[in-house]
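User: I would like to learn how to read a structural model feature by feature. Could you walk me through one?

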Amino acid sequence: FEPDSSSDEENEDKRVKIHPHTVTAKYATQPGDDGYDDAPSFEDFGSFLEETSDKKKLMESRRWPLTLFGAESDGGGKAAKGPGKGVGEQLASFGEASVSASRLTWVLLLCAALAHGCLIVLTRLASEQFHFAPLFLLTVRSVVQLLSVAVPLLRGENPFGPEGYRLRLFCYGVAYSLSLCCAYSSLTFVSAGNATTTWRLATTALSAVLAFLLLEERLGLSDVITIAAGLCGLGLLLLPTTDEGNSDAPTNPVTFWKGAFGWSLSALAGLWMALALVGYRSLKDRVGIGTALFTVSWTSCLLAPSTLAFLQDGWAWPVSVPAWAIMAGLVSCSAAAFLGMTHALTRLHPALVSASQSVEVPVAMLLHLAVLPVAPTAPEVVGNAMVVLSVGWLVATKLLLSRGGGLRQREEYEEILDSPIK
């Protein structure tokens, strides 16, 4: 390409570089002004794509229209509808996949809550009927769950985490194990219902705060209101009963301080669990669920026996078939609850994950009433109802928003495709 000699004077400050598929014009209207205006040569775009087989297949499958600037022919108009339909179908499939993934996440999360509820009842049954120390139960389940090391080994991963993240993974395992040790230790001093409720309330509240401070992840206003309602329901469950509030007998100082120590351990367990949830949330893209389970298992194998020896709790092996069955149920429920909750952490806010697990308290109460029929008090009924309604509303809003978001994205994109200005 040579400039016309008659226009040499007009183009004395304009230099053109020719590329096989790109025209670059350099303008120097002012001294020192090196501005380039690069634009692809759309006329040669088709021939350029045909030079390679991959690009040729792309052209044959999608038939890119040559009407990017509005000048379209009949054939171009027909071609313009094809890609729009394909993109719309792709967006629809992506939206449906997102909704399906959200449904699966919430289903697994609710199943984890049910497993946690069963775990509470089995732990209480093992302690009352077979006189197993809670920390001994934690030690047994941790030893059995060491078999989860097979998951990272089969995937060719390091069981102790990828290089550069092992210290953070170790801190996550220690925090999770300390939470379990504190929670199981509190069962020696307070009832299982109060310990679990305090643990869940502290975990939910602190995980929301720590996620904001450490990860800068915020909750929406509707989520905050829903979680606050669930926390109020848990607070009602912690109100003293009529017998406890109107007792005229003098309180034994030893009993009082033991109860205070148990409540403190439950709150401390919530703090450690909140740190663990936030810690795994920061590692979700680097550490698999199997590796996380193995990390929690081997750190618990170190901390649980030490705590057991420090508190001098009993150590007794199961000697009957029902006792072994309860042990197997404990291990299965704890593993299922951990997997469901950890999978949800890869997609949801830690506070939402912990709040959804509050369903374990009503589930444990219903299972306990099925075994030992006792009329619940009014605060217990109202508190459990608030917990169930808050979690149900949370799940419903999240699933409806995910479905609506996918539809809105598809409609907006189709509106863009149908508009005259692309």
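Analyst: Happy to; we will go from the overall picture to single residues. Keep in mind that this is a predicted model.

User: What is the average pLDDT of the protein chain?

Analyst: The general idea is to look at confidence before geometry. Here the protein chain has an average pLDDT of 77, and 68% of the residues score at least 70. Two stretches deserve caution. Residues 5–12 stay under 50 and have zero contacts beyond four places in sequence. Residues 21–85 are also below 50 in pLDDT, yet this stretch has 61 contacts in the model beyond near neighbours in sequence.

User: How many helices and strands are in the protein chain?

Analyst: The protein chain has 15 helices and three strands. Its length is 422 residues, and 38% of them count as buried. It also helps to ask how contacts are spread along the sequence. Among contacts between residues at least 6 apart, 80% join residues at least 24 apart.

User: Where does UniProt place the feature "transmembrane region"?

Analyst: The general idea is to lay a record over the coordinates and see what each span looks like. The unreviewed UniProt entry places the feature at residues 104–126, 132–155, 167–187, 222–240, 260–280, 292–311 and 323–346. Take two of these as examples. Residues 167–187 are 95% helix and 0% strand, with 31 Å between the end C-alpha atoms. Residues 292–311 are 100% helix and 0% strand, and there the end C-alpha atoms are 28 Å apart.

User: What is the sign of phi in most residues other than glycine?

Analyst: It is negative in most of them. A positive value is therefore worth a look, because most residues other than glycine have a negative phi. In this model, H131 has a phi near 60°. H131 sits in the loop between helix 3 (74–129) and helix 4 (134–144), and H131 is exposed at 63% relative accessible area. Another case is E216, whose phi is also near 60°. E216 is in the loop between helix 7 (192–215) and helix 8 (221–237), and its relative accessible area of 67% makes E216 exposed.

User: How many aromatic pairs are there by the ring rule?

Analyst: For each pair, read the distance between ring centres together with the angle between planes. The count comes to 10 aromatic pairs. F130 and F132 are stacked, at 6.1 Å centre to centre and 15° between the planes. F130 is partly exposed, with a relative accessible area of 26%, whereas F132 is buried at 5%. Y172 and Y280 form a tilted pair, because their planes meet at 40° with the centres 5.6 Å apart. Y172 belongs to helix 6 (residues 166–186) and Y280 to helix 10 (residues 253–283), so this pair ties together parts 108 residues apart in sequence.

User: Are Y172 and Y280 buried or exposed?

Analyst: Y172 counts as buried at 4% relative accessibility, and Y280 counts as buried at 1%. Rings can also gather in groups: F160, F170, F294 and W298 form one aromatic cluster. A charge can sit over a ring too, as R200 does over the face of W199, 5.6 Å from the ring centre.

User: How many disulfides does a search of the whole structure find?

Analyst: The sulfur-to-sulfur distance is what to check, and the search finds zero disulfides. C333 shows how to read such a case. The nearest cysteine sulfur to C333 is that of C118, 5.0 Å away, and C333 is in no disulfide. C333 is buried, with a relative accessible area of 16%, while C232 is partly exposed at 47%.

User: Which residue is 61 places along the chain from D285, with their C-alpha atoms 7.7 Å apart?

Analyst: Here the trick is to compare separation along the chain with separation in space. The residue is T346: the C-alpha atoms of D285 and T346 are separated by 7.7 Å, although the two are 61 residues apart along the chain. D285 is located in the loop between helix 10 and helix 11 (289–311). At 67% relative accessibility, D285 counts as exposed.

Terms used. Residues numbered from 1 in each chain as written. Predicted model: local features only at pLDDT ≥ 70, side-chain atom pairs only at ≥ 80, totals over all residues. Heavy atoms only, no water. Helix = DSSP H or I, 4+ residues; strand = E, 2+ residues; numbered from the N terminus. Buried < 20%, exposed > 50% of the residue type's maximum accessible area, 1.4 Å probe, protein only. UniProt positions renumbered as here; feature names shortened; annotations may be inferred. Phe/Tyr/Trp six-rings, centres within 6.5 Å; stacked < 30°, edge-to-face > 60°. Lys NZ or Arg CZ within 6 Å of the ring centre and 35° of its normal. pLDDT = per-residue confidence, 0-100. Contact = heavy atoms within 4.5 Å. Disulfide = S-S within 2.5 Å.
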